[in-house]
Structures are given as structure tokens and as C-alpha cells.
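Hi,

Here is the structure I promised to pass on to you. Have a look at it first, and then read my notes underneath.

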Amino acid sequence: MKRLGDILIRDFGITPETIQQGLDIQASKGGRLGDILVHLKKLSENDLLKARGKVSGLEVIKELPIDADPFFTDKVPIHFLKKFKMVPIATREDCFVAIADPYNFQQLDDLLQLLKWEGIKILLAPHEEIFTAINSVYDLGRRSADQVMQDIDETDPESLLSEIEETSDLLDDTSDAPVIKLVNLMLSNAVREGVSDIHIEPYKDRVKIRKRVDGILYDMYSPPKHVQAKLISRIKIMAKLNIAEKRLPQDGRIEIRLADKNVDLRVSTLPTTFGERVVLRLLDKSNVLLSLTTLGMAKNDLEMFNKLIKAPHGIILVTGPTGSGKTTTLYSALSILNTPDINIITVEDPIEYQINGISQVQVNSKIDLTFANGLKTIVRQDPDVILVGEIRDVETSEIAIQAALTGHLVFSTLHTNDAASAVTRIIDMGVEPFLVSSAVNAILAQRLIRKICPECKEAYTPDKQLLIRAGASPAKFGDRKLYRGKGCPACLNTGYQGRIGIYELMVLTDKLKHLILTTSDSNQIKREARVSSEYPMQTLRQDGLRKVLAGLTSLEEVIRVT
């Protein structure tokens, strides 16, 4: 067999000195030469794979098929394949074993004997491709929800007691208890499909499980009624809730890992006539820190928002209903400000994502750590920037305003329909208008709208009545082609895939501040903001129509959301 070092020098431009450096590290610390050179950034993983192919005489494959047969999942433990970086692939066209490391020949031999595969070809593949294939095949290999639900009978008490370890990989959970299989299947499918919420809704003679994808609810499963108690108890155990308490609402949290994704689940239970209703909100930790430029703000709004978040003091409010992306916007702003010379402290309920370099405080009503009490203490911690998760009462709003007036930059959220209504809401809480006009710098209202699926996007000429209904001028739109999604398997036949934000940014100019001192009528404030000579506000609907013209979304979606 040829030596790896010789091939790297001859074919990949690695110097003898670099090889010697790798060999010295290998002698003192152990490990494989190729992996050491990749770690030192002297060699790419792709080149290492090619070099290993030349050493072992094996063919290299860059991508593995996604439709592999899960025939072996009952015979081979998933952790064996992950540990030794190998996976059997069987499709209609081909059969082979993909490996990332040709030196694990003993384990490869064990796998081939277990599968009774003789004379099968062996290919080298990147380890990321192998892990993706393993996770995909074992997920496919799980029995369908219908089969699992048939297995859940009324005498299965021990099934609830087999708790999965926190943050363990759901795909590694090999429990035979049907209720655990059902919960794992529900969660793994939800993560894979990009579901934001799962609803478990009990009715008189059935249970309905629904999923929210891109803001719209769809049916997921309909288990029989006798599954209800076990299913909800299982989720409550995972969330460390009191399974004996069924008369009061409870809130909890589950942390799971699915393949390469860490997902937080916020669990909320609510007693109803036919049993407890449960909603799980899925928060994918890998998706939160988006940059402001990717959120979908118009260029002028983005430039202005960037200026506002760098102001020395004042309040910036982000408003919109639950699930409209307010937290993502605020975290994106904080990530820009998160530098060693700035002290950022947040008080949140709950803390949705942990961010390095920021001190985050969790509200806890049981010990009277409310937004107001937390905020009072935060002000004494010498912060430069404060994030208050939500302004819910007059006490919180007054402390936030005092903080802004004494040289702090404060971010917070409100639940209102548009930017102008936020002023009305704060004054309605009991805050004096002069304090609002003195402290608030700007209010950003936002919504999330679904994007047209790129796979089935098609052009069409819109109906004039639809344009009028959307508040768009038929003359302005003229004969321009608009776009919509036809519906395809990639978007579950909805015509939409993914979401983007629409925004209205109301900057409190001197004229607006003067108006707030005389009236809290949101319609008057909105009219003045739209015609402001300093910074005219674009409404949510106008921003939506701009995205329709850009081919990002459809007229129907803008009408639905705004």
C-alpha cells in the first residue's frame, strides 16, 4: 500500500516540512496523519478523501442517494455506523457500502458479515454525507405513526417511565414503548419539515395533532382517544411538569437533539372540557442569529434601523402578534451591538436562545422575579443596552422609560397591530404622553409572510379586483407579471416555502412627538407618520406589495397577513 504522506507531497502540494510537523504531532498525541493536517488547516477534507482513495484504491463518491432502503435498521445499531463512519446503501440501481475511513477494515468486515453481503463494492464518501444518510435512513426506518398508534393499548404503564436523556439524539432512542415511539416520530418529523408549533387537541371521541408550517396549521395525525392520556403524560414527563396536575395550566421546556440540530421545545398545557390541550413551540437553535440584512427589510428601512440601534439612548419597540419574528429581529440587532466594550443585559420570558457575551435573566413569577423587578435590578448593573422581553404593564413601561431617559438604549416588544397603535397602547397603560414622546426613538411593526416556492413558481397576470382588494393601483401595476406557486412535493403542494418579514418603521420625528402630546389616536399618528417630511413611513401592506413586485410572495398572501 502506498503511504499517505508520499501521495500528499506528490499530488496535493503538501511540503515535506508540513508532513513532518503532522508526524511529530502524531508521535506525541496520536491520531491519523490526514486528520491532523485537516485540523491544522494544511489540507481540505475533500483532498484528504481523494488522497485516501489513492492510498486504498477505492473510488470516491461525493454525494450519497437520499432514497436508500432502510432494510438494515433492525440489525445494525445506529451508533455503530456513526462511530465507524460507514453506511450500507441499497437503491433500485445500486448496492454498496460508503465509508469515510478506509482503516476501519475490521468493523467493515463485521458489517458485511452481519448483512451477509459478499463481494459488495466499497466506496469512500465525505463523513458529513455518511452521517446525513444514516440519520435519513434510520428516520425512514421508523414505523409509521398509524402503526405505532395501533400498538398503544390501555395497559402499558411502564411506557411512560422510560425517560429519554436530555439532549439525547432522538434517532438514537431505541425504546420499544409505542407511546415513546409516537412522540419521537412526531418530533423528528416536525423538525425535519420545519414545523414551528405542534398542537395536541383533545375532543369528545378523538385527539387531533396539528402542525404549523410557515404560519399555517395543517393536520398531522389523528390518534385514537385512548392514546390521549399516555401521549400527554409522556410530553409532561419530558418537560418535567407535574403529571398528576390536570386542572391547572402548566409551562415547561424540553431540549432535544435530532441528528445535527439542537432544538428547544416550549411546552404549554391548558385544561379543556375533554382533557389537557398541549402546544409545543419548536425553537431551532441553529436558525436564530440571522443577520439584519437577511430578514427582508427594505434598503432605506434597514439603513435607518441600523442607525437607530446604534443610538446612545432611547427606546426601540418591535410590535406584532405572537410568532411574527419579533425576537429574531431583536436578537439580530443585539448581535450587531454585541462587542467587548458594550454591556448588554436582557430580561426575558422565556430565554429563547442563549447568546455568548450577553447576560440573560429568566423571569420567574414564583419568586416574584417579574419584568419590572428584573429591570429595576438590571439598571443597577451598569448596562449600556437593555432588552426587556415584553412590556406588559405600566410598571415595566415606566422603568423602561426611566432607563432610556437616563442614558440607556432599551429594546422591547409589544403586542399591537401596527406601529402607531403601540403609542396608543402605552398611553392606555397609564404612561404620560410626554414620557412616551421623550423616550421612544422608533417603533417597528412586523409580520411574517410565506415566500413562493422556487420549485413551482409561475408567472401570471393578476385579476384587477384582487389588485384593488390588496390596495394596489391597477394602473401602477399595469400589465406586469406577478408570481405564484403552483404546488409541488417540495412545498407540500402549498405553493409556498419559507417565510420573510414585512415591516413598517415609524421613526418618532419632532412633529410626531408633538402630535403625541396632543392625541393618542393611532389613525392620526399613522397619517402623520406616512407623510412625514423627515422619514415617511411605509406601511406593512406597502412593504408586502413591494415584495409581490419583487416576485418573493403572492398578492393573496399579502392580503391574508395584512
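Apart from residues within four places of it in sequence, Thr269 is in contact with Lys236, Leu241, Leu248, Pro249, Gln250, Glu276, Arg277 and Val278. Thr269 belongs to strand 9, which covers residues 261-272. Its relative accessibility is 1%, so Thr269 counts as buried. Please bear in mind that this is a predicted model.

Next, helix 2. With 14 residues (16-29) at 1.5 Å a residue, helix 2 should span 20 Å, and its end C-alpha atoms are indeed 20 Å apart. Which residues of helix 2 are buried? They are Thr18, Ile19 and Gly22. These buried residues cover an arc of only 100° around the axis, which means they sit on the same side of helix 2. That fits the general pattern: an α-helix has 3.6 residues a turn, so residues three or four places apart point the same way. Helix 1 (4-12) and helix 3 (33-39) are among the elements that cover the buried residues of helix 2. On the other side of helix 2, Glu17, Ala27 and Ser28 are exposed. After helix 2 comes Gly30, with a positive phi near 85°.

Finally, strand 19 (residues 496-507). Nine of its 12 residues are buried, so strand 19 is largely enclosed by the rest of the structure. Strand 16 (residues 440-452) runs antiparallel to strand 19, and 10 bridges join the two. If you want a place to start looking at this pairing, Ile449 stands opposite Ile500 of strand 19.

Best wishes

Terms used:
Residues are numbered from 1 along each chain as its sequence is written. This is a predicted model: local features need pLDDT of at least 70, side-chain atom pairs count only at pLDDT 80 or more; totals for chains, interfaces and linings use all residues. Side-chain values use heavy atoms; hydrogens and water are left out. Helices (H or I, at least four residues) and strands (E, at least two) are DSSP runs, numbered from the N terminus. Buried means under 20% relative accessible area, exposed over 50%, partly exposed in between (1.4 Å probe, protein chains only). Contact means heavy atoms within 4.5 Å. The expected span of a helix is 1.5 Å times one less than its number of residues. The arc is that of the directions from the helix axis to the C-beta atoms. Two strands pair if DSSP finds at least two bridges between them.
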